[in-house]
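Got the viewer open and a selection box ready? Let's walk through this one stop at a time.

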Amino acid sequence: MLNIKRFVFNPVQENTYVVSDETKDCVIIDCGAYCEDERLAIVNYINENRLVPKHLLCTHGHFDHCMGAGTIYKEFGLLLEVNKKDDYLITDMKEQVRSFLGVDFENDETMQLTYIGENDTIEFGTHRLKVLSTPGHTPGGVIYHCPEERVVFTGDTLFKMSIGRTDFEGGNEMVMFQTLRNVIAKLPVDTEVWSGHGPKTTIGEELRTNPFLR
């Protein structure tokens with residue numbers, strides 16, 4: 001059984017997840033911790049629960065989903081795992097922050113990356129997450145699906161009754177709708193959706209109510 005801890009971080013109210021199981025192994029998904037209090041919150045949660053971080057995963061390269069990656073690298077030695085097509089966004093993170101938030105951002109450590117791709121498998125504890133490619137919001141967007149637990153982490157591809165924007169650099173509306181039709185809509189209807197912003201939902205609920213999926 002998975003234990004999913006959600007943190008809401010940074011001025012964009014991004015969802016960061018620490019996902020663990022009975023072995024105490026865990027993965028961190030989309031670490032958007034920005035200020036010192038936020039960074040301490042996630043590090044303290046991991047340490048206080050005696051969790052063992054195995055992967056630092058990113059659904060896509062926008063700043064609000066990886067601002068805390070330097071802290072995780074510093075504390076636990078994990079490299080940020082991201083699709084190579086989004087590495088240009090990671091490299092440009094400081095400019096992203098300056099453009100969207102109007103502040104200068106200094107990361108704890110030099111951002112170090114390792115690359116993941118379609119159908120890769122992320123292993124931790126007794127569980128596996130399958131990497132599915134979901135371009136549209138960004139060229140290298142991915143989601144992390146755990147079929148046995150009927151859970152998917154969708155980043156900014158799918159939200160409750162909405163989808164990610166496609167008007168940012170690298171976004172593509174036509175590609176996004178192909179992703180929704182060929183990847184998202186084919187997941188089992190009882191799959192829980194933990195997205196990059198906003199509340200939890202299910203694939204079935206989104207197929208019924210989300211105007212972009214109907």
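What follows is a tour from the whole chain down to single residues.

**The whole chain**

Keep in mind that this is a predicted model. Show it as a cartoon to begin with: the chain carries 6 helices and 14 strands. The radius of gyration is 16 Å, close to the 17 Å that the globule rule gives for 214 residues, so the chain is as compact as a globular protein of that length. If you orient along the principal axes, the C-alpha trace spans about 45 × 40 × 25 Å.

Now switch on a surface. About 9700 Å² is exposed, and carbon and sulfur atoms supply 48% of that. Of the 214 residues, 51% are buried. As for how the chain meets itself, take the contacts between residues at least 6 apart in sequence: 63% of them join residues at least 24 apart. Colour by charge next, and you have 21 positive and 33 negative charges to look at, with mean positions 5 Å apart.

**Helix α2 and its cover**

Select residues 69–76, which is helix α2. Which of its residues are buried? A69, G70, T71 and I72 are. To see what sits over them, add β3 (25–29), α1 (36–48), β4 (52–57) and β5 (80–83), which are among the elements covering the buried residues of α2. Then step off the end of the helix to G77, which follows α2 and has a positive phi, near 75°.

**The cysteines**

Select C66 and display its sulfur. C66 is buried, with a relative accessible area of 0%. The closest cysteine sulfur belongs to C58, 4.7 Å away, which is too far for a bond, because a disulfide needs the two sulfurs within 2.5 Å.

Jump to C35, which is partly exposed at 34% relative accessibility. Its sulfur is 11 Å from the closest cysteine sulfur, in C31, so that pair is too far apart for a bond as well. The disulfide count comes to 0.

**The loop between β1 and β2**

Select the loop between β1 (3–9) and β2 (14–20), where you'll find N10. Is N10 buried or exposed? At 4% relative accessibility, N10 is buried. Show its surroundings and leave out residues up to four places away in sequence: N10 touches G32, Y34, E38, D64 and M67.

Q13 is in the loop between β1 and β2 too, but its relative accessible area of 48% makes it partly exposed. Check the backbone here: phi of Q13 is near 55°, a positive value in a residue other than glycine. For background, most residues other than glycine have a negative phi.

**Another positive phi**

Head over to M161, in the loop between β11 (158–159) and β12 (162–163). M161 is not a glycine, yet its phi is positive, about 60°. With a relative accessible area of 45%, M161 counts as partly exposed.

**The start of the chain**

Now pick M1, in the segment before β1. M1 is exposed, with a relative accessible area of 74%. Who does M1 meet beyond its neighbours within four places in sequence? Select S20, D21, E22, H127 and E149, and you have its contacts. Try a distance label on one of them: M1 and E22 are 21 residues apart along the chain, and their C-alpha atoms are separated by 7.1 Å.

**Two more loops**

D92 is in the loop between α3 (87–91) and α4 (93–101). At 36% relative accessibility, D92 is partly exposed. Draw a line from D92 to L2: these residues are 90 apart along the chain, and 34 Å separates their C-alpha atoms.

For the last stop, select A185, in the loop between α5 (173–182) and β13 (192–195). A185 is partly exposed, at 31% relative accessibility. Setting aside neighbours within four places in sequence, A185 is in contact with L180 and L207. Finish with a C-alpha to C-alpha distance to T166: A185 and T166 are 19 residues apart in sequence and 18 Å apart in space.

Definitions and conventions. Residues are numbered from 1 along each chain as its sequence is written. This is a predicted model: local features need pLDDT of at least 70, side-chain atom pairs count only at pLDDT 80 or more; totals for chains, interfaces and linings use all residues. Side-chain values use heavy atoms; hydrogens and water are left out. Buried means under 20% relative accessible area, exposed over 50%, partly exposed in between (1.4 Å probe, protein chains only). Helices (H or I, at least four residues) and strands (E, at least two) are DSSP runs, numbered from the N terminus. The radius of gyration is taken over C-alpha atoms; the globule rule is 2.2 Å times the number of residues to the power 0.38. Contact means heavy atoms within 4.5 Å. Accessible areas come from the Shrake-Rupley method with a 1.4 Å probe; for residues, only the protein chains shown count as cover. Lys and Arg count as positive and Asp and Glu as negative; His and the chain ends are not counted. The place of a charge is taken as NZ of Lys, CZ of Arg, CG of Asp or CD of Glu.
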